Amino acid sequence: RGHFERVAAGAGRTLRRTWPNADATVVDALPVDAILAEARRFRAKLIVLGWRGYGPMARLFMGSVSRGVVRLALCPVLVVRRRCDIRTVVVGMDGSPNARKAGRFLASLTPPRGARVILVYIVEPVTVPSAGLLPGTVRSVLAREATKVNAERLRQGERELRAMAPRLKKAGWRVSTRVRLDVPLRGLLEVTKASKADLVCVGARGTGGVRPLLLGSVAQGALDRCPVGVLLVR
């Protein structure tokens, strides 16, 4: 226990450089249970955890504690991969209530000077499946309808981002938007890479008794594959 108390004391000193009232303590309990219990006790607005994966297989080795807390926490969770200043945040939007919560959570924070948010809405395109036995005129009609559906969903994405952007700007973030056709996770990761983002923020879908099964494919994929920290908001 003495070793852990020394580690906690060191962490407390580091935190107090920024938060003078910060404290650190050692809890004798299973790690996931202890973290979640302390979060409930303090009515935490955010839990911050580290990532334990290294090397090309890193996505398979997210620490079991981090994974357990992410799946069961009732508040937002930030999983940190590396030390960095948060200057650019990519926010994945998809029109869902959970994605809007992610945007609102960022808007509740005071951003660092000059920090920016990139709101990203990825529309997975509707395509016409192979239909070689159908007449050419039918295939043409289906293709036109798919194009119309994709265009409307892109317009919906633009409306969604226009609705969220003012809230973030009012909080002090510089805001830009991206709407594109792509596979959601791939598109999100490509924007993250191209923008050299420091953090990705997404909504997590878990609710109720089956929360561990409903984190959401994009949220889970971001945790597994994103090269920077991930903030999951419920």
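These legends go with a set of close-ups of one predicted model.

Residues are numbered from 1 along each chain as its sequence is written, and side-chain values use heavy atoms, with hydrogens and water left out. Since this is a predicted model, local features need pLDDT of at least 70 and side-chain atom pairs count only at pLDDT 80 or more, while totals for chains, interfaces and linings use all residues.

**View 1. The whole chain, with its seven helices and seven strands.** Helices (H or I, at least four residues) and strands (E, at least two) are DSSP runs, numbered from the N terminus. Read from that end, the order is α-α-β-α-β-β-α-β-α-β-α-β-α-β. Of the 234 residues, 39% count as buried; here buried means under 20% relative accessible area, exposed over 50%, and partly exposed in between (1.4 Å probe, protein chains only). Take the contacts (heavy atoms within 4.5 Å) between residues at least 6 apart in sequence: 76% of them join residues at least 24 apart.

**View 2. The largest nonpolar core, built from 31 residues.** A core is a set of buried Ala, Val, Leu, Ile, Met, Phe, Trp, Tyr and Cys residues joined through side-chain atoms within 4.5 Å. Ile47, Val69, Val77, Val90 and Leu232 have the most contacts inside this one. Helix α6 (residues 184-194) chips in the most, with four residues. Zoom in on Val69: leaving aside neighbours within four places in sequence, Val69 touches Val32, Ile35, Leu36, Ile47, Leu49 and Val77. There's also a second, separate core of 24 residues, with Ala107, Leu161, Ala165 and Leu199 among them.

**View 3. Helix α2 (residues 31-41) and what covers it.** The buried residues of α2 are Val32, Ala34, Leu36 and Ala39. Their cover includes β1 (47-50) and α3 (64-72). After the helix comes Arg43, with a positive phi near 50°.

**View 4. Arg100 and Glu160 meet in a salt bridge.** The structure holds nine salt bridges, each a side-chain nitrogen of Lys or Arg within 4 Å of a carboxyl oxygen of Asp or Glu. In this one, the N to O distance is 2.7 Å. Arg100 sits in helix α4 (residues 97-107) and Glu160 in helix α5, so the pair ties together parts 60 residues apart in sequence. Glu160 is buried at 13% relative accessible area, whereas Arg100 is partly exposed at 29%. Not counting residues up to four places away in sequence, Glu160 touches Met93, Gly95, Arg100 and Tyr121.

**View 5. Asp224 pairs with Arg67.** The closest N and O atoms of this salt bridge are 3.8 Å apart. The bridge links distant parts of the chain, with Asp224 in helix α7 (residues 217-225) and Arg67 in helix α3, 157 residues apart. Asp224 is buried, with 17% relative accessible area, and Arg67 is partly exposed, with 23%.

**View 6. A salt-bridge network of Arg180, Asp182, Arg186 and Glu190.** Within the network, the side chains of Arg186 and Asp182 meet at 2.7 Å, N to O. Asp182 is buried, at 7% relative accessibility, while Arg186 is partly exposed, with a relative accessible area of 45%.

**View 7. Two cysteines, Cys84 and Cys201.** Cys84 is partly exposed, with a relative accessible area of 33%; Cys201 is buried, with 0%. A search of the whole structure turns up zero disulfides, a disulfide being a pair of cysteine sulfur atoms within 2.5 Å.
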